[in-house]
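Work through the exercises below with the sequence and the model open. Each task is followed by a solution in steps.

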Amino acid sequence: MSSTVSGLPPAQSAALLRAYGDAVAVERRRFALGATITLLLVLIAGRVAEVDPVKFGANLGNFGDYLYRLSRLETGASVLSDPAEWFWGLSKWLRLMAETLLIAYVGTVMGVLGAFAFCFAASRNLTRSRLVVWTARRILEFSRTVPEIVFALIFVVAFGLGPVPGVLAVALHTLGALGKLFAEVVENIDMKPVEGVAAAGGSWFSQVRFGAVPQVLSNFAGYGLLRFEINVRGAAVMGFVGAGGIGQTLVESIRKFYYSDVSAILLLIIVTVMIIDHLTEALRHRLIGSEERS
Amino acid sequence: MTRRSELFDDLSGVRKRHADTHFKGRPLETAKALGIAGLLAGLFVYGLITLEFSLGRIIDGMGGLGLIAGMMLPPSPGTWSKAVVYLHALGETLAIAFLGTLLAAVVAFPLAFFAARNVNGVRIIQFLTRRGFDTIRGVDTLIWALVWINVVGLGPFAGVLAIMCSDIGAFGKLFSEAMEAADRKPVEGITASGGSRVQAVRFGIVPQILPLLASQVLYYIESNTRSATIIGIVGAGGIGLHLSEQIRTLEWQHVSFLILMILVAVAIIDRISSRLRFSIIGPRAV
């Protein structure tokens, strides 16, 4: 394609280019400064984290090798050649996967109930007392910031091995994460119904029950579903610290180099997570849809 | 007395007189809602039973937890040399989070172009890239850490690679969505003045999305600081190694000190990153 646009005379274009250069110079300088700082941080971080490009280059082959071995049975044949042998423990793994889903479900329900109880106390428009709001928010922040697997480690000591500490860890983390989101929803509600109930002489509980709850319930359900999705992933690794689910079996097969088991279990987890993702997404769309219709 | 008590005294009368407009109820919807709630509650109870919850166990555990909480006070690292070790581990954690996130962004950026509908016209490549991102995202950071430990050995380097891998999927998805949401007009302008497809992407799309991407990367550095604290549990460097060790040896004062350190570090990173995001894209989108 030949160019049909003829260029400007050099005198004119030089002036335009200079104006353009001046206009972008400030941004260029800012960008260069940011890039320099980032580069410095990268160098420092690389030193602290013992990043070694040479080692990485030498071991990159290992990664490919690892992936290759994941696709081989113990006999050396491809896993696809004998799916029955590949998924030899399917019934056991499915049971563990079901346990993982139950851990995520029970933990989510507990967390949602807890967040529901906390969120009204943590929202400024419904709770007058500054102290109550502050305390509720700090509790939520704490249980949100400490990773659930750390809770699981501590709970395993207190409650013993098994799914119970896993459920409680998921529940506590969910409480923190959802409590914050719920409180934000509550702070954005229309206050007129609440004032109406207050004006008719309703107690604080009636104000929350009849003024606030009907407005927020569908939003809460949506967030709860989203959290369930996240918790399924979280519950899959609870077994790493002895807190139930499929993680225990996975970590053992990784540590003992049972390559085909690792790939089978990973595949199972990925497929389950994808199915759950699709289901909850469909459910959430229906929820939003019914919200708009009514 | 007051009107209110009159009304309440005559509640059944009020109900009867206004039965046609109020208090009718919607039996079908109520039944549906009750049915769903019943199912959910039933599954919950079934779960509690299957997962071996029992009142005795909960009470025992709560007692143990109270005891542990008591032993956690006051938080203390024991000796100064231990505190230095922990600080170094914390630095390692921050370095892992920072490097892992940045590397993930660097890798995901070019890949995202393949997944964006308005950049890449080939549907099949677009579909494959997206499913690839989903698959990577489906594997937890801890699992990636275990895999990389097998490849590069124990240590923080494995942690960096683990954070990187689990975030490539997330970034790929976010970046390609940002590209698809970009305004078409600059692209059309460049095409109209004779620019090539590459130029259209470089000058039409990239300048629009760069601030957004930067803010997303900052947000992920923040959230990865949390993830990086735990990958040490499987041996991939950082403060998690000490944390799990101290929990296993029941040194509760050390545990609470470590948790406190994590909380403070996360709060600081939080503050810095929201400041930076604020200055990059303005208050609106923070």
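What separates B:R137 and B:D134, three residues apart in helix α6 (residues 123-138) of chain B?

About one helical turn separates B:R137 and B:D134, because they stand three residues apart in helix α6 of chain B. Helices here are DSSP runs of H or I with at least four residues, numbered from the N terminus.

The model is predicted: local features need pLDDT of at least 70 and side-chain atom pairs count only at pLDDT 80 or more, while totals for chains, interfaces and linings use all residues. Residues are numbered from 1 along each chain as its sequence is written, chains are lettered from A and ligands numbered from 1 in the order in which they are written, and side-chain values use heavy atoms, with hydrogens and water left out.

**Exercise 1. Describe the salt bridges, starting from B:R137.**

Step 1. Apply the rule: a salt bridge is a side-chain nitrogen of Lys or Arg within 4 Å of a carboxyl oxygen of Asp or Glu. Side chains of opposite charge can pair when their charged atoms come close.

Step 2. Check the pair from the opening question. B:R137 forms a salt bridge with B:D134, with the closest N and O atoms 2.8 Å apart. B:R137 has a relative accessible area of 23%, so it is partly exposed. The classes are buried under 20% relative accessible area, exposed over 50%, and partly exposed in between (1.4 Å probe, protein chains only).

Step 3. Take a second pair in chain B. B:K185 and B:D183 form a salt bridge whose closest N and O atoms are 4.0 Å apart. B:K185 is exposed at 59% relative accessibility, and B:D183 is partly exposed at 37%. As for networks, salt bridges that share partners join B:R131, B:D134 and B:R137 into one.

Step 4. Move to chain A. A:D190 pairs with A:K192 in a salt bridge, the closest N and O atoms being 3.9 Å apart. A:D190 is partly exposed at 37% relative accessibility; A:K192, at 60%, is exposed.

Step 5. Give the total: over all chains the rule counts 14 salt bridges.

**Exercise 2. Characterise the interface between chain B and chain A.**

Step 1. Count the residues. Contact means heavy atoms within 4.5 Å, and 62 residues from chain B and 58 residues from chain A take part.

Step 2. State the area. The size of an interface is often given as the accessible area lost when the parts come together. Buried area is that loss (1.4 Å probe), summed over both parts. Between chain B and chain A it is about 5,300 Å², and carbon and sulfur atoms give 81% of it.

Step 3. Look for charged and polar pairs. Between chain B and chain A there are zero salt bridges, but five residue pairs are in polar contact, both residues at pLDDT 80 or more. A polar contact is a pair of N or O atoms within 3.5 Å; within protein, one must be able to donate a hydrogen and the other to accept it, and residues adjacent in sequence count only if both atoms are side-chain atoms.

Step 4. Locate the main contributor. Helix α7 (residues 141-152) of chain B supplies nine residues, the largest share of the side of chain B that touches chain A.

Step 5. Sort that side of chain B by residue type: 41 are nonpolar, 11 polar and 10 charged. Nonpolar covers Ala, Val, Leu, Ile, Met, Phe, Trp, Tyr, Cys and Pro; charged covers Asp, Glu, Lys and Arg; the others, Gly among them, are polar.

Step 6. Inspect one residue of chain A. A:V48 lies in helix α1 (residues 10-48) of chain A and touches B:G91, B:E92, B:A95 and B:P156, not counting residues up to four places away in sequence. At 26% relative accessibility, A:V48 is partly exposed.

**Exercise 3. Is A:A104 buried or exposed, and which residues does A:A104 contact?**

Step 1. Place A:A104 in helix α4 (residues 90-119) of chain A.

Step 2. Read its accessibility: A:A104 is at 0%, so it counts as buried.

Step 3. List the contacts. Leaving aside neighbours within four places in sequence, A:A104 meets A:V170, A:F228, A:N231, A:V232 and A:A235.

**Exercise 4. Describe two residues of helix α12 in chain B.**

Step 1. B:S256 sits in helix α12 (residues 252-281) of chain B and is buried at 9% relative accessibility. B:S256 touches B:M72 and B:P75, not counting residues up to four places away in sequence.

Step 2. B:R277 is also found in helix α12 of chain B and is buried, with a relative accessible area of 11%. The side chains of B:R277 and B:E222 are joined by a polar contact of 3.5 Å.

Notes
Buried area is the accessible area (1.4 Å probe) that two parts lose on being put together, summed over both. Helices (H or I, at least four residues) and strands (E, at least two) are DSSP runs, numbered from the N terminus.
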